[in-house]
Amino acid sequence: MRAFRECARHVWNTYFQPLDDGWHEFINVEQALFSALVLEQIHLPEGQWRKDPTGYYPAIKVMFEVPPRGLPVLRAEHVPEMNVHQWEETRLTTLEIDLRFVEFFDFANLDGPRDFRYVKVRVLGAATPGLVGKDLLIEALDVTFEQPKA
């Protein structure tokens, strides 16, 4: 996962960001990089590595350590009247949460440089009420990834 993040960041910033329609052209390249550097390396039977129709990868679990004051994260809250997500800061204070990988994420313009600073995750299960089904952003340096054994 870290190799994919570094590679995608470099390829975007060096080769696609300067192009007029670089973000559009980069979509397929990013998917190919993810497939080659992550999905093909998991070695799961066909179909078990696919993205869930709702947008997360069931085979890639996101793990973290809980610091004494909790892990700061951003929680997505949908604002229907504007059809956007508003990100609200919260803290994860327990490991009793099941997080699955969605994508690397940046708050950036489509045509700006990217760092892929955050990991976007989907909460599948949690001891904290109200988090199940939500998307969270966690600093990429604060997580590790657990992939199932073949």
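A salt bridge is counted here when a side-chain nitrogen of Lys or Arg lies within 4 Å of a carboxyl oxygen of Asp or Glu. Keep that definition in mind as you work through this predicted model, in which a search of the whole structure finds 11 salt bridges.

**First stop: D135 and R122.** Select these two residues and show their side chains, which meet in a salt bridge with an N to O distance of 2.4 Å. D135 belongs to strand β6 (residues 135-139) and R122 to strand β5, so the pair ties together parts that are 13 residues apart in sequence. If you then colour the residues by accessibility, you will find that both D135 and R122 are buried.

**Second stop: K120 and E103.** Stay with strand β5 and select K120, then add E103, its partner in a salt bridge whose closest N and O atoms are 3.7 Å apart. Because K120 lies in strand β5 and E103 in strand β4, this pair ties together parts that are 17 residues apart in sequence. Are the two partners buried or partly exposed? K120 has a relative accessible area of 16%, which is under 20%, and therefore counts as buried, whereas E103, at 33%, is partly exposed.

**Third stop: D98, R100 and a network.** Now select D98 together with R100, and look for the salt bridge between them, where the closest N and O atoms are 2.8 Å apart. R100 has a relative accessibility of 17% and so counts as buried. Next, select R5, E6, R9 and D115 as a group, since these four residues are linked in a network of salt bridges. As a general point, side chains of opposite charge can pair when their charged atoms come close.

**Fourth stop: the largest pocket.** Return to E103 and add E30, F104, R114 and F116, which are the lining residues nearest the centre of the largest pocket, out of 21 that line it. Two elements, α2 and β4 (97-105), each give two or more residues to this lining, and α2 gives the most, with seven. The volume of the pocket is about 610 Å³, and its lining is made up of 14 nonpolar, two polar and five charged residues.

While you are here, select F116 alone, which sits in the loop between β4 and β5 (118-126). Its relative accessible area is 4%, so F116 is buried, and its phi angle is near 50°, a positive value in a residue other than glycine.

**Fifth stop: helix α2.** Select residues 22-42, which form helix α2, and find I27 within this helix. With a relative accessibility of 36%, I27 counts as partly exposed. Add W23 and L110 to the selection, and you will see the nonpolar surface patch of about 260 Å² that these two residues make with I27.

Further along, pick out L37, which also lies in helix α2 and is partly exposed, with a relative accessible area of 34%. How far apart in space are L37 and M1, C-alpha to C-alpha? The distance is 7.4 Å, although the two residues are 36 apart in sequence.

**Last stop: E65.** Finish by selecting E65 in the loop between β1 (61-64) and β2 (71-79), where its relative accessible area of 65% makes E65 exposed. Draw a line from E65 back to D135, the residue with which the tour began, and the C-alpha to C-alpha distance is 18 Å across a sequence separation of 70 residues.

How values were computed. Residues are numbered from 1 along each chain as its sequence is written. This is a predicted model: local features need pLDDT of at least 70, side-chain atom pairs count only at pLDDT 80 or more; totals for chains, interfaces and linings use all residues. Side-chain values use heavy atoms; hydrogens and water are left out. Patches are made of residues with over 30% relative accessible area and no salt bridge: like charges are joined within 9 Å, nonpolar side chains (Val, Leu, Ile, Met, Phe, Trp, Tyr) within 5 Å. Accessible areas come from the Shrake-Rupley method with a 1.4 Å probe; for residues, only the protein chains shown count as cover. Helices (H or I, at least four residues) and strands (E, at least two) are DSSP runs, numbered from the N terminus. Buried means under 20% relative accessible area, exposed over 50%, partly exposed in between (1.4 Å probe, protein chains only). On a 1 Å grid over the protein atoms alone, a cavity is a set of points where a 1.4 Å probe fits but cannot get out, and a pocket is an open set with protein on both sides within 12 Å along at least five of seven lines; lining residues have an atom within 4 Å of a point. Grid points are joined across faces, edges and corners, and a volume is the space filled by probe spheres set on the points. Ala, Val, Leu, Ile, Met, Phe, Trp, Tyr, Cys and Pro count as nonpolar, Asp, Glu, Lys and Arg as charged, and the others, Gly among them, as polar.
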